[in-house]
Amino acid sequence: MNEIPKHIGIIMDGNGRWATQRGLARTEGHLEGVKTTKKIVKAASDLGIKYLSLYVFSTENWRRTQEEVGFLMNLITVHLRDEYNFYRENKIRVVHSGNLAGLSDAVQKELSGVEQDTRSFTQGLTLNLLINYGGRDEIIRAVGRLINKNEKINEEMLGTALDQSEFPDLDLIIRTAGEQRLSNFMIWQASYAEYYFMDKLWPDFTSEDLVQAMQVYAQRHRRFGAN
């Protein structure tokens with residue numbers, strides 16, 4: 001590959017459909033999806049990706065059944081707690097994007113713990129977990145921060161007020177499960193991103209699929225509005 005994307009975002013879609021196709025409960029799809037996520041995070045780290053943003057739970061996902069939402073919140077909590085050693089061993093820094101105020105104390109505690117525990121890992125992959133995240137909500141919260149500081153609101157200043165202002169804009173967005181839309185995913189940072197859509201459901205996504213997406217990206221000519 002001639003060019004490796006610095007910042008990749010993944011909309012991890014299809015866990016529920018994966019389970020339904022197999023006659024399983026939707027929760028089984030989410031469990032399988034977590035296994036895939038761990039493999040892809042490791043692959044991204046090994047491939048030299050600097051920033052990886054994963055759409056874990058959106059502000060719209062609260063509309064799902066109370067049972068499914070409760071399962072997902074518990075799954076997030078347990079995963080963060082159980083994978084501390086994985087992040088340490090691979091020197092992966094973990095950060096969070098989204099509205100913390102809408103999350104339970106248990107989820108907030110685990111997010112704070114893993115962020116503190118991995119904050120010194122600045123040389124390799126930084127993993128951005130989007131939990132209770134919406135692109136519009138992030139922009140509204142960023143504007144609120146600037147207003148509170150009495151800052152002039154322009155494009156440059158708003159960029160500094162986003163959840164992870166150190167991150168560069170997205171280079172490549174991957175979405176699984178055949179859907180071809182952003183679904184409120186990092187809409188500010190996606191202004192000049194390249195898109196890669198595939199029919200494969202998230203639990204079936206592999207490191208080879210990640211490499212293929214990166215190869216397609218490397219073949220594209222990015223003009224950023226120029227001729």
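These are my notes on the predicted model above, covering its salt bridges, one helix, the largest pocket and a single leucine.

1. **Salt bridges overall.** Searching the whole structure turns up 18 salt bridges. I'll go through three pairs and then a network.

2. **Asp204 and Arg22.** These two form a salt bridge, with 3.9 Å between the closest N and O atoms. Have a look at where the partners sit: Asp204 is in the loop between β6 (194–197) and α8 (207–218), while Arg22 is in the loop between α1 (15–21) and α2 (26–47), so the bridge ties together parts that are 182 residues apart in sequence. Both ends are partly exposed: Asp204 has a relative accessible area of 32%, and Arg22 has one of 41%.

3. **Glu68 and Arg64.** Here the side chains meet in a salt bridge at 3.3 Å, N to O. Is each partner buried or exposed? Glu68 counts as buried, at 9% relative accessibility, because the cut-off for that label is under 20%. Arg64, on the other hand, comes out as partly exposed at 33%.

4. **Asp163 and Arg145.** The closest N and O atoms of this salt bridge are 3.2 Å apart. It links distant parts of the chain, 18 residues apart: Asp163 belongs to the loop between α7 (155–160) and β5 (172–175), and Arg145 to helix α6 (residues 135–148). Asp163 is buried, with a relative accessible area of 16%, whereas Arg145 is partly exposed at 32%.

5. **A network.** Some salt bridges share partners, and in this way Asp13, Arg17, Arg175, Glu179 and Arg181 are joined into one network. If you are browsing the structure, pull up these five residues together.

6. **Helix α5, its length and its two faces.** This helix takes in residues 105–118, which makes 14 residues, and it reaches 20 Å from the first C-alpha to the last, close to the 20 Å expected at 1.5 Å a residue. Which of its residues are buried? They are Val107, Glu110, Leu111, Val114 and Thr118. Around the axis they cover an arc of only 100°, so they sit on the same side of α5. On the face turned away from that buried side you'll find the exposed residues Asp105 and Lys109.

7. **What covers α5.** The cover over the buried residues of α5 includes two helices, α3 (66–82) and α4 (84–89), along with the strands β3 (93–97) and β4 (126–133).

8. **The largest pocket.** It holds about 790 Å³ of space. There are 35 lining residues, and those closest to the centre are Met12, Asn15, Tyr55, Val56 and Asn61. Which elements give two or more residues to the lining? That list is α1, α2, β2 (51–58), α3 and β4. The biggest share comes from α2, with 6 residues.

9. **Leu75.** This leucine lies in helix α3, and α3 is also part of the cover over α5's buried residues. At 15% relative accessibility, Leu75 counts as buried. If you set aside neighbours within four places in sequence, its contacts are His30, Leu31 and Val34. For a sense of distance, Asn90 is 15 residues away along the chain, and the C-alpha atoms of Leu75 and Asn90 are separated by 22 Å.

How values were computed:
Residues numbered from 1 in each chain as written. Predicted model: local features only at pLDDT ≥ 70, side-chain atom pairs only at ≥ 80, totals over all residues. Heavy atoms only, no water. Salt bridge = Lys/Arg side-chain N within 4 Å of Asp/Glu carboxyl O. Helix = DSSP H or I, 4+ residues; strand = E, 2+ residues; numbered from the N terminus. Buried < 20%, exposed > 50% of the residue type's maximum accessible area, 1.4 Å probe, protein only. Expected span 1.5 Å × (residues − 1). Arc of directions from axis to C-beta. Contact = heavy atoms within 4.5 Å. 1 Å grid on protein atoms, 1.4 Å probe; cavity = no way out; pocket = protein on both sides within 12 Å on 5 of 7 lines; lining within 4 Å. Points joined across faces, edges and corners; volume = space filled by probe spheres on them.
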